[in-house]
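Work through the exercises below with the sequence and the model open. Try each task before reading its solution.

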Amino acid sequence: MTPSRIAFILCLSAATFTVANAQSAKHPAAPDTKSMPWMNTTLGPDERADLVLKQLTLDEKIQLVHGIGWGPLREGAPVPADNNGGAGQVVGIPRLGIPSIQQADSAVGARMAASQSRYATLLPSVLGAASSWDPEAAHLYGDVIGRELRAEGYNQSIGGGVDLARDPRNGRLFEYPGEDPVLAGTTVGHLILGLQGNNIMGDIKHYAFNDQETGRTVVDVHLAHKAAHESDLLAFQLGIRIGHPASVMCSYNKYEGDWTCENDWLLNHVLKDQWKFPGFVVSDWEATHSTVKAAKAGLDMQMPGEEYFGAPLKQAVQSGEVPQARLDDMVHRILRSLIATGALDNPSTPRFVVDPFKGRDDAQHIAEESIVLLKNDKGILPLSPSIHSIAVIGAHADAGIMSGGGSAQVDAPGGDAIHPGQSTKWGQSVYFPSAPLRYIREHAPSAKVEFNDGADPAAAANFARSADVAIVFADQYMSEGADSSTLALPHRQDALIEAVAKANPHTVVVLVTGNPVSMPWVGQVSGIMEAWYPGIAGGQAIANLLFGTVNPSGKLPITFAKSEADLPHAEIFGLARPKSDAGLPEHWAEQHKDVSFPANYTEGVRFGYKWFDSEHKEPLFAFGHGLSYTTYAYSGLTGDASGTVTFTVRNTGSVAGTEIAQVYVQLPTASGENFRRLVAWQRVPLAPGESKEVTLKVDPLFVSVFDTVTDNWKLLTGEYTVSVGSSSRDLPLTAKVTLH
Ligand code: BGC
């Protein structure tokens, strides 16, 4: 063999060896995870996390506290080989069997499915789900998301929004469970339980006071600690207590001068010290602003990016500016969350496709419990299947049903139902293929059911004039990144409803809205149904309620105001009305501002029904309100100092129904509170004529006040007034309970 040939062969085998080595580096042999000490499931999550921690190098620790995000959305951005296409990824440590954390936006269903040719169920909005006041429905909601994320290869949801509806114009209200801390916290807590039951890490967000989108990255919220604990923070506290989420996402805004993602009081003091939260704090996307300050304040994971928690954090640890123990604590929290939720022991390896049928059935069940019948004059509803003619008008009810936007946007099967074939863009409404018209027709097969698009109010009125009933659909697109500058329905739909109502006295309005809206026509129509964004089976659910196949049971988790003037703040903080060339949809408030501005929550805890009650204002529709096709009577209230409340509900009508019985408490005068608090409720299914005794236990936390001297909750002595009934404004039963 010639020397050159030998050299060539050596070269070749060296090259082959290098390639083989590179491949094994890229695809290392699967570690024998079973034999690793931290895989011993008889040990607790903290112990197991510490065993992993001991094996990690400094670089590996740094790798676990930040990640990439939106990679697939950004052209040219580096994307790790095992990226799952979601909003974020923290690259794992394969040599130790620690998987990458694959994070998916999933507020109302898994986002970004289309780019991977996947399917995801669109659930009703979270505000809708909260209208069911049903922890089981919330659990099911989380379960749908959890099982679909699992089938799609994700192991973390970054949904779980629980920011309270301080302002009914907030663009993201559809992602949140309303205005009451107890109802909201309970709803999101059970949602997280359902989700994490699938061995998916859950999240709760946006901590805290991310209550408006206008200037969300610069707005500086001011609210006294007492009021903060008793309102916005209570919702998080409760959601965390019930759901044990793996992570808390800190928000974009500031609180008392500090960004929430580097706010020592919020993260270290309240979340970790007072509430003993054992999981990790992840920043909202690009909401990290520093290395040392954020690390010391309690932030555990920067997402996405490395400019703070990459090399700079490594340096800060090496120089001692950030103690090694703090970095270890960050990593410990992340690892223990992977372990505690089962995401390490039962990794999400896609083995089958999402079940769209089960998803749709579950979404429909939740929607049917969520839709709220607001008005029903002279029993215009339910419609009779033998009705002769129905005029269906507006909101593309012939083609589909609207969904909410932003990072909560779920991809519609087949694309936007009203613009087939067109790809969806941020800030542009997407309709799902569940057309109410089709399902209304199915309920009344022999009726003349026709559709008018409502673009011309006069033409729509003529169209509606001779029908037995006119059903006007009105919708309102809302999305992350902008608020509505007004409570009014957009696109002159008020004028449409007024015109139709004038032409036909039997007019029913079905609202498909992200938020509460004002209704200048409220007295002119016979029926009003709030369907929120009802999800993939929205059309079926609406039709089932219109025809009484399902008796409405939902109740408002948020107050409907008559006008902006009745709200604690007539305008959104920092509002700049969109200029005509701003490219924002009609009515939208401006999103970004460069200069910080304050949001002084002078109302303290008094927003929503607490505001309307204490200010003696008449709402358009009260918190807790919701009608049924039957009626209920309340009797026999007793309450005692142990917090037990007992009363009886009777179905006094002729059809079966489910009443959401509500318990409110007004605290002793020493509290200074001139309003009631929602403290308990129960869904009570009742056959016609049936009575049930309901016994509820009031959680002492819900009737406590936060004492800033002891920095703790306390119960006041004195007289508590317990009220029970069907809404915050319909409370026929009252009892006094004295605490000594
Ligand atoms: C939103 C978060 C979301 C994140 C990732 C942010 O703009 O505020 O709610 O999870 O983006 O998409």
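Three exercises follow, on the ligand site, a helix and the aromatic pairs.

The model is predicted: local features need pLDDT of at least 70, side-chain atom pairs count only at pLDDT 80 or more, and totals for chains, interfaces and linings use all residues. Numbering starts from 1 along each chain as its sequence is written, and side-chain values use heavy atoms, with hydrogens and water left out.

**Exercise 1. The ligand site**

Task: Describe the residues around the ligand and find polar contacts to its oxygen atoms.

Solution.
Step 1. Take as near each residue with a heavy atom within 4 Å of the ligand. This shell has 15 residues, and Asp105, Arg172, His206, Asp284 and Glu480 come nearest.
Step 2. Sort the shell by class: 6 residues are nonpolar, 2 polar and 7 charged. Here Ala, Val, Leu, Ile, Met, Phe, Trp, Tyr, Cys and Pro count as nonpolar, Asp, Glu, Lys and Arg as charged, and the others, Gly among them, as polar.
Step 3. Look for pairs of N or O atoms within 3.5 Å. Side-chain polar atoms of Asp284 and Glu480 each lie 2.6 Å from an oxygen atom of the ligand, and for Tyr252 the distance is 2.9 Å.
Step 4. Check the cover: on its own the ligand has 310 Å² of accessible area (Shrake-Rupley method, 1.4 Å probe), of which the protein covers 98%.

**Exercise 2. Helix α17**

Task: Is helix α17 (residues 538-546) buried or exposed?

Solution.
Step 1. Helices are DSSP runs of H or I with at least four residues, and strands are runs of E with at least two, numbered from the N terminus.
Step 2. Buried means under 20% relative accessible area (1.4 Å probe, protein chains only). In α17, 9 of the 9 residues are buried, so the helix is largely enclosed by the rest of the structure.
Step 3. Find the cover, with contact as heavy atoms within 4.5 Å. It includes the helices α13 (356-370) and α14 (436-443), along with β16 (469-476).
Step 4. Just after α17, Gly548 has a positive phi of about 80°.

**Exercise 3. Aromatic pairs**

Task: Classify the ring pair of Phe560 and Phe621.

Solution.
Step 1. Rings of Phe, Tyr and Trp (its six-membered ring) pair if their centres lie within 6.5 Å; planes under 30 degrees apart are stacked, over 60 edge-to-face, the rest tilted. The count is 14 aromatic pairs.
Step 2. The centres of Phe560 and Phe621 are 6.5 Å apart and the planes meet at 75°, so the pair is edge-to-face.
Step 3. The two residues are 61 residues apart in the chain. Phe560 is buried at 0% relative accessibility, and Phe621 is buried at 9%.

Terms used. A polar contact is a pair of N or O atoms within 3.5 Å; within protein, one must be able to donate a hydrogen and the other to accept it, and residues adjacent in sequence count only if both atoms are side-chain atoms. Buried means under 20% relative accessible area, exposed over 50%, partly exposed in between (1.4 Å probe, protein chains only).
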